[in-house]
Every structure is written in C-alpha cells, then in structure tokens.
Amino acid sequence: MTVPAQTLPPPEAPPPAAPPAAAPAQRRRALRRILRNPLSAGGLVVVAVMLLAAALADVVAPFPYELTNFDTTLQPPSPEHLFGTDELGRDQFSRVLHGLRVSVAVGVLSVVLSLLVGVPLGLLAGFYRVLDPVISRLTDTMLAFPFLVLAVGLAAILGPSQTTATIALGVGGVPLIIRVARSETLRLRELDFVAAAVADGASDVAVLGRHILPNAVNALIVQATVSVPAAVIGESVLSFLGLGVRPPTPSLGVMISSAQPLFRDGPWLAVFPGVAIVLFTLALNLFGDGLRDALDPREVRR
Amino acid sequence: MTEQALEVSGLVKHFGPVRAVDGVDLSVAAGEVVGLVGESGSGKSTLGRCVTRLLPVTAGSVVIGGRDIAGMSRRQIRPLRRQFNIVFQDPSSSLNPRLTVGDIVAEPLRHHRLGTRSHRRARVVEMLELVGLGGEVTHRYPHELSGGQRQRVSLARALAAGPSLLVADEPTSALDVSVQASVLNLIARLQREMGFACLFITHDLASVEYLAQRVAVMYLGVLVEVADRAELFGSPRHPYTQALLSAAPIPDPPLQRRRQRILLSGEMPSPVAPPPGCRFHTRCPVAVDRCRVEVPVLRPVGPSGALVACHLVGDDGTAPALVGTADQTAAGGTGDSPGRAGGLHR
Amino acid sequence: MTGVPRPRVGTGAGEPVVAVDGPVVAAAGGPLLAVRDLSVRFATEEGAVLAVDRVSFDVAERDLVALVGESGCGKSVTAMALTGLLPGNATVTGEIRFAGKDLRRLSEGGLREIRGREIAYVFQEPMTSLNPVLTVGRQIGEVLRRHRDMHGAAVRRRCVELLDLVGIPLAARRLREYPHQLSGGMRQRVMIAMALACEPKLLVADEPTTALDVTVQAGILDVLRTLRAETGTAVLLITHDLGVVADVAERVVVMYAGRVIESADVDELFAKPAHPYTRGLLDAVPNPARHAEGGLREIPGRVPVLSHSPEACTFADRCPRADDTCRTRRPELAPGPTGHPVRCWHPLPDPAATPPRPRGGAR
C-alpha cells in the first residue's frame with residue numbers, strides 16, 4: 001500500500017458550527033429562546049417594567065402614599081389620580097406603587113431566605129446518605145403544615161410586620177428548595193466529573209461547592225422564579241389577614257381587604273391592587289415557564 | 001522483584017445482594033500496562049472504581065505506593081490520591097461543564113496544593129501540549145470541544161500531578177473509530193514518556209492487544225485468566241477467553257469468514273446469584289460435572305506461569321481447544337495452519 | 001449462500017438506473033431499493049444543516065449491504081429517510097424507489113403501509129423499542145394481527161416460528177415473558193423477530209449490536225446471516241464497526257459528511273480501499289497484523305457539519321493527498337483504479353499493481 005507516511009497530525013480543527021451547549025453559551029441561547037417565545041418575552045418585559053416602577057416608587061409616585069386629603073375622598077380614576085383615591089383621599093396610584101414595592105421586596109427577600117436555608121440542607125441531604133432521612137423527614141413535616149398556619153404562628157410570636165412576613169414566607173418556601181437542591185445533588189453526584197473531582201483529591205466541601213452547586217444553579221433559578229410569585233401572593237394573603245405589613249404602609253393585600261366594604265362606592269379600590277398582583281405573578285410565572293424551557297438542555301446530539 | 005504500582009488482594013465488592021466483584025487478586029508492576037477485559041456485568045468497572053477508592057471496598061486490600069487504601073477513611077486517602085487517578089468513558093459527562101479546560105486540568109494541582117499559581121498555570125499548559133492540544137484551549141469550555149479533545153483533557157487532568165498509576169475505564173469506547181486511534185496512540189505515548197502504570201479497562205480486545213503487556217480476563221466478578229499479551233491472544237486457555245476472542249470480529253473479511261465461531265449459549269447470569277462451582281459453567285461448551293460443583297482456583301499453569309481458573313486446564317498449561325484450528329484471531333496469522341483435530345493445544 | 005446471485009459492482013455489466021452522479025452501483029435484475037440523489041436538510045436553531053448530500057446506492061433482493069461511517073456522516077438519517085421517519089424540520093429531496101414505487105411520492109398513509117410490512121426496522125436500543133407492559137408474545141402477535149390479518153392459534157404458531165428463527169430457545173415459554181425479563185441480546189432478537197413478522201422485503205438495522213457485548217453481538221450477527229438464507233429478506237445494516245462489516249456484509253457503502261464516498265464488495269473494500277478516508281478508517285482499527293508498522297493511523301481533524309454542499313471534496317482538509325483540485329471541485333462518484341466507485345480526485349492505487357505486503361508479519 002503506497003500511501004505516503006503520515007506526518008505529525010496537525011492541531012485539531014476548530015469546533016464545528018453547532019456544538020452541544022452548556023454553561024455561558026447555554027444561557028445566551030436560553031435568552032434567545034425566551035425572547036423568541038412571545039409569552040415569556042412578554043412576561044419578562046412586564047416584570048421588568050413593574051420592578052423598575054416599584055424600585056423607583058419614591059420618584060415615580062406623584063403623591064406620598066400616606067398623604068390624606070379629605071377634599072378628594074373616593075374619587076374615581078382621573079388624570080390627576082390615575083387609580084382614583086380611597087376613603088382617606090390617598091392617591092391609589094402611589095399606594096399601588098409602594099404596595100408593589102413591598103410585595104416585591106417580601107417576595108424576593110423571602111425566596112432569598114429560602115435559598116440560603118434550603119440549598120445547603122438540600123445539598124447535604126443529597127450528598128450524605130446518613131443525613132438524608134433526617135432532612136427529608138424534616139422537609140416532609142414542614143410540607144405537611146399549610147404554610148399559613150406556619151405564618152400565623154410566627155406572626156403571633158414575632159408580631160405582625162414586613163419582616164415577619166418575609167421570615168414566614170421564607171421558612172415556608174424552604175421545603176421546595178430543599179427538594180430541588182437534593183434531587184439535583186443526587187443526579188449530579190452520579191456523573192463522572194464528580195468522581196473525577198474526588199479522584200483529584202477534592203474535599204467534600206470542594207466537590208459540593210465547585211462541582212455540584214454550580215451545576216445545580218439552573219434548576220434552582222427556575223424554582224426561584226416560580227417561588228417568587230407564590231411569595232408575592234403569600235404576602236398579600238398575610239397582610240390581608242393582618243399578619244404582615246401594618247398601616248399606613250400600603251400592601252396590596254391590605255388594600256384589597258380594606259376595599260371590600262367600600263366595593264359599591266369605589267370598585268377601583270379593589271380592582272387596581274388586584275390587577276397589580278395578578279399581572280405581576282402572571283408575568284413572573286410566564287417568564288419562569290419560558291426560562292425553564294429555555295434552560296432545558298437539548299441533550300447531546302452525537 | 002519489580003516494584004508493584006498496584007497490588008490487589010482478595011478484593012470483594014458487594015452492593016447488597018449484587019456480588020459485583022467477588023474475590024480478585026491482581027497486580028500491576030511499575031510502568032506496566034495491564035488490560036482488564038470483560039463484558040458488561042463482569043465487574044471490571046466496579047473493580048476500577050474500588051481500586052481508586054471511588055467506592056468503598058467490602059473486603060480485601062488495595063495496596064498503592066506501599067499503603068493499603070482499602071480500609072482507610074476518605075480523609076486519610078485524600079493526600080494519597082496524588083499517586084493515582086482515573087479517566088472515564090463518557091466524554092460528555094467526565095468534565096465539569098462549568099469549568100474551563102484550564103481549571104479542570106489544574107484541579108489535582110489545586111487540591112494537593114502543588115506549586116504556586118503561576119507554576120500551576122505553566123504545568124497546565126505543559127500537560128495540554130503533552131496531550132496534543134495547544135495551550136490555547138485553556139480558556140475554552142468542555143462543550144466547545146469534540147469527544148476526542150475532551151478525552152485528551154481528561155488525560156491531562158488525571159496525569160497533571162504525576163501519578164504512578166492511571167486507571168483508564170473504557171476511555172475510547174464512546175469515541176468514533178478514527179478518534180479512538182488517536183486517543184490510544186496518545187495513551188501509549190504518554191505511558192512511554194511519563195512511565196506510569198496503567199490499568200486499562202475495556203471490552204474491546206483489539207485495543208487491549210495494542211496497548212497492554214499483560215491481560216486479565218474477568219467474568220461475573222472473578223478473574224478467569226491472566227497472561228502476557230502474546231500468550232493470551234496466541235493461545236488462550238480458558239474457554240471464556242477463547243469464546244471472547246472468537247466473538248470479536250476482525251476487520252478482514254476473508255479471514256473472518258474462515259474463522260470458526262464459538263457461540264456461547266445464553267448470556268452472563270446475574271451477579272446476584274452467580275452459578276455454583278465455576279461461574280462460567282452454564283455457558284461453557286466443555287463443562288463437566290466437576291465444573292458445576294467445585295469453584296476453580298486461579299492458579300499458575302504452564303511454563304510461563306500464566307494464571308487460569310479452569311478445571312480442564314492442566315498444570316502444564318494444556319487447555320481444551322474450543323475450535324479446531326489455531327487461527328481464532330488475527331494474531332494467529334492468516335490461518336492455513338494445519339488444523340489440529342480438536343482436543344488440547346498448548 | 002448458495003444460489004443467490006451476488007450483484008457485481010462497478011463492472012459496467014449492470015445498467016445505471018438513472019443518469020446521476022456517476023455510474024451507480026447497479027445490481028443484477030433491478031434493485032429492490034434504489035436511492036438516487038437523496039438529500040436531507042434540517043432547519044435548526046443554529047441554521048441549516050445538510051445531513052445527507054445527494055446520496056445514491058442500491059440494495060438488491062437478498063442482499064446484505066452495510067452503510068458504514070462514523071458519527072455525523074448521515075447514515076442513520078439516510079435510513080430514517082427511507083420511510084419518512086424524520087422529524088418535521090427535515091426537508092428531503094431525491095428519489096427512493098422501492099420495489100418499483102417511489103416512496104417519496106407516497107402519502108403518510110401509504111408510507112405506513114410500507115413501514116413494518118415491507119420495510120422493517122431494528123434499532124440500537126431494544127429496551128426503549130419494546131413496550132415494557134406487554135409480553136413478548138403480545139407484541140409480536142400484534143404485528144401479525146395488524147399487518148398479516150392472522151388470528152388465534154395461527155398467530156401463536158407463527159410467533160414460535162419467528163422466535164426459533166432468531167435463535168431464541170424455549171420459544172413457547174418466552175412468549176409469556178416481559179421485556180425486562182430478557183437480557184439485552186434476547187430483546188434484540190425479539191426486535192428482529194418482530195421486524196420479520198411481516199416478512200418484509202427489506203430489514204433496516206441501525207446499529208443493532210452497538211449496545212451489546214461482543215459475545216452477544218456474535219449471536220445477533222449470526223441471526224442476520226442466517227435469516228437471509230431462510231427468509232430471503234434483504235438487509236441494510238447501518239454501522240460504524242468495521243469488524244461487524246467484515247463479518248456479515250456482502251457489499252459496503254461508505255459515507256462521509258453526508259456523501260457516499262466509496263462502495264464495493266466487502267472483500268474488495270477491505271483489501272483495496274480507494275478512498276483515503278476508507279484507508280484511514282481501516283488503519284485506525286488496531287489489527288495486530290499491522291503492528292509492525294508502528295502506531296495506529298490517526299485521521300486528524302473532525303467530521304465537518306455542513307450547512308450546504310460545498311464545491312469541493314469534504315474530506316480535503318483532513319486528507320494527506322489533497323491538493324487544489326480537491327479543495328475547489330466536488331469529486332463525482334466514479335469507478336476508481338480498482339474498478340469500484342469512489343468519490344475522490346486522487347484515489348489510492350490498486351495494490352495489485354505494487355508488490356504485496358507480507359500479511360501476518362513478524363510478531
């Protein structure tokens with residue numbers, strides 16, 4: 001066979017056009033997918049706008065939320081008071097904006113709290129067989145309680161406030177986070193690169209922190225995006241029940257509850273806060289769904 | 001007595017009722033490549049993971065660098081891991097997708113605290129060049145690389161700290177043929193240049209014949225034959241070894257057609273309830289009553305001291321020939337050797 | 001294989017069926033399956049991907065043709081394209097003539113008639129192809145009842161016959177078992193039995209033994225060999241394993257980056273490969289007879305992912321023999337120095353023209 005002798009192979013050719021995605025490239029592609037899906041893109045936009053408005057409430061709100069004006073009580077929506085006024089003459093638009101801010105703050109902070117507590121517990125439960133039964137039973141016990149009962153209990157102990165609501169919702173959200181973190185850990189620890197890390201001399205902490213946690217982030221992001229709307233609604237419920245934010249700080253839930261007796265005279269008092277809650281949680285849910293689909297790795301094409 | 005890089009004695013690994021590894025003795029000398037061959041269910045991968053203590057050991061000893069790591073706690077073993085490492089089969093799951101290639105290769109150096117930051121960077125580049133990738137892949141992520149390139153990264157990682165023993169668990173099985181060749185060549189070259197001992201686990205006989213000096217054949221949790229490469233491929237003794245060699249098709253159609261095939265009945269039994277006596281007797285074409293009852297011992301036979309666990313193999317090395325002619329494998333040449341009338345061959 | 005006419009390739013005695021891309025592997029008596037200029041394009045997020053690039057080949061009755069290539073060469077896509085099994089984002093062009101009918105012109109209903117009944121498939125993973133909640137007998141029986149309109153005892157008899165045909169012992173008992181009770185090799189045999197239930201004219205086996213152990217693989221390949229003798233079914237075997245090809249194939253079609261680059265009778269392909277890629281593949285497989293030459297031959301670079309058909313040889317940037325012609329003009333499939341078709345501007349010469357290399361040399 002007179003084939004010319006093979007010389008040293010040249011360096012590997014550059015990667016092909018369509019590599020299987022992971023990590024940063026995956027997020028870019030995920031973003032593209034989200035933006036392409038009208039529902040999730042819409043959700044993202046709405047969420048962004050509302051977050052911005054809520055964050056800048058102090059600047060955007062035309063009136064201070066606690067400013068009463070007995071000359072303009074129970075006014076229907078008008079150019080001056082976009083969402084009308086309540087029985088004390090307070091501008092509803094400003095109150096909704098501030099209420100939204102409270103909702104978002106509690107919603108987001110409580111989920112952060114859930115993550116801070118739940119992720120380590122979930123990682124430990126998934127990684128150490130010994131700890132798993134203990135942590136899982138704990139999770140199951142927590143899940144057995146309707147979260148309102150938990151919240152009520154905490155509020156009774158701590159006294160109703162925005163902080164109480166945040167803590168109560170945070171604690172209530174822990175079991176779900178533990179579940180996700182645990183299942184991701186169980187899945188990831190079977191992968192070869194985790195074994196490779198152990199073989200390289202990684203300590204347990206290093207394995208969890210450098211190899212397992214970073215790869216569990218996607219699933220946790222998705223879960224968080226779904227938990228926040230739940231927490232927002234939770235805050236409304238708590239405040240509705242008088243266990244959360246205290247007046248005069250507006251809370252969307254409180255606004256809805258105090259609008260009940262006045263519904264005949266001023267339906268706008270209930271409508272706008274209600275719509276705000278629904279819109280925000282719906283948008284977050286749609287975005288979260290889109291995010292979950294987008295981050296779902298289209299598995300390796302050989 | 002050459003120094004042994006790895007000495008396994010009486011290794012047992014049970015997962016509850018599943019007796020994955022049921023008493024294995026195996027040693028790998030310093031700088032030697034030993035091939036561990038078996039089909040799925042043989043326990044070879046489990047053995048590999050036990051040897052590197054990625055799995056706890058049920059019983060037995062694993063001596064590396066003079067220390068028995070079988071009974072040690074994870075904390076005790078960690079510093080010793082500098083001396084041995086492992087590469088895996090699946091390129092898509094053996095690299096952390098969140099780390100760059102540079103980070104991945106530097107892992108053993110970091111964990112064992114070897115060198116300063118700049119030393120490590122240099123070593124990473126050195127290793128990457130050694131495996132045939134340029135230093136420029138340092139900042140790439142695994143998904144940007146092909147399967148073959150990823151396996152090279154795995155090798156660079158496993159060898160970065162200069163271990164004396166490398167366990168390679170099916171490193172080429174998930175790769176295309178042409179890529180397999182380059183990885184096999186690479187392993188051969190690295191082994192020659194760096195001098196580490198290698199336990200090469202695979203089901204592919206051809207690559208074992210290419211790389212290994214000694215070959216061990218595993219069946220259902222135990223070793224059935226251990227011999228030098230030439231001897232194992234030229235005159236396999238254990239019936240399972242013969243069947244295995246006969247079954248692996250040779251890419252040479254006229255030769256392949258001429259070969260007599262040994263077709264085994266049934267499939268490998270479950271490791272939960274291995275057959276009594278010789279585990280292979282349920283599929284062995286030449287099993288006798290003794291095989292069903294008495295467990296054969298892995299013992300040296302013949303002038304070379306090859307190890308075989310079979311009642312039908314004589315101490316002098318004579319073994320039952322399951323096919324008439326000697327040309328079961330390409331190693332036997334192009335056949336046309338005078339056919340022996342069945343019976344025994346040396 | 002007595003009495004079965006072996007189609008001669010590239011001898012000019014067969015007539016090209018259609019004037020295409022060079023003389024086609026024409027089989028005596030008209031081929032059972034004639035694929036002409038088949039192209040498959042996928043619309044993906046990253047753009048268009050040309051998976052199959054004007055592929056043409058034949059499968060004669062009772063033939064066993066191996067479609068060989070590494071991953072990404074388009075062989076599986078080709079197999080799926082035959083009966084329209086590709087996903088929605090695939091665009092298929094070209095002609096697929098099977099037993100006289102143009103499969104590309106059939107409606108989905110027409111294709112469904114063909115699938116299973118005349119062209120049957122066996123895939124790589126038997127566990128996911130078999131329904132885990134139905135017994136083996138039920139599944140094979142269903143095929144018989146639906147496609148062959150058989151009932152009652154006749155079904156049972158035929159099931160036992162089929163299991164015997166594929167070498168499953170104690171067939172009657174096996175019928176009552178569930179897939180999970182069977183080993184991988186057994187399941188694959190059941191898959192083949194199911195595929196044969198309708199006595200198809202063509203069996204398409206896509207990597208049927210890749211997931212199996214080598215001793216089990218030997219048994220399955222044996223089944224494929226014997227079933228042609230006993231049932232007259234032609235087999236199109238998709239594989240990347242040259243050992244498997246050497247074991248069972250009669251003719252071989254080699255694919256690379258979506259194109260057919262060489263096709264020949266199996267003996268000739270292995271002994272006298274004309275395309276440098278084929279040569280590279282053969283050299284990459286460890287074969288102790290060649291150990292003396294030192295080292296396994298590597299093919300540098302990677303299989304390209306193409307979005308369109310380049311006006312060049314797709315192997316050029318990995319080929320030691322490439323020159324400017326190769327990079328600027330698309331080679332056609334034409335008879336090479338050894339007589340069989342090859343798609344190359346500089347095919348390897350016939351080794352018979354050079355002194356033969358001693359085989360099985362020094363060890």
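Student: How many residue pairs are in polar contact between chain C and chain B?

Tutor: Ten, both partners at pLDDT 80 or more. A polar contact is a pair of N or O atoms within 3.5 Å; within protein, one must be able to donate a hydrogen and the other to accept it, and residues adjacent in sequence count only if both atoms are side-chain atoms. Bear in mind that this is a predicted model, where local features need pLDDT of at least 70, side-chain atom pairs count only at pLDDT 80 or more, and totals for chains, interfaces and linings use all residues. Residues are numbered from 1 along each chain as its sequence is written, chains are lettered from A and ligands numbered from 1 in the order in which they are written, and side-chain values use heavy atoms, with hydrogens and water left out.

Student: What makes B:Arg261 and C:Asp247 a salt bridge?

Tutor: Their closest N and O atoms are 2.5 Å apart. The rule wants a side-chain nitrogen of Lys or Arg within 4 Å of a carboxyl oxygen of Asp or Glu, so the pair qualifies. Across this interface the rule finds two salt bridges.

Student: Why is H4(B) called oblique to H6(B)?

Tutor: The axes (lines fitted to C-alpha atoms, for helices over the stretch in contact, with angles from 0 to 180 degrees between N-to-C directions) cross at roughly 125° and come within 11 Å. Under 35 degrees is roughly parallel, over 145 roughly antiparallel, 65 to 115 roughly perpendicular, and the rest oblique. None of the named ranges holds 125°, therefore H4(B) is oblique to H6(B).

Notes: Helices (H or I, at least four residues) and strands (E, at least two) are DSSP runs, numbered from the N terminus.
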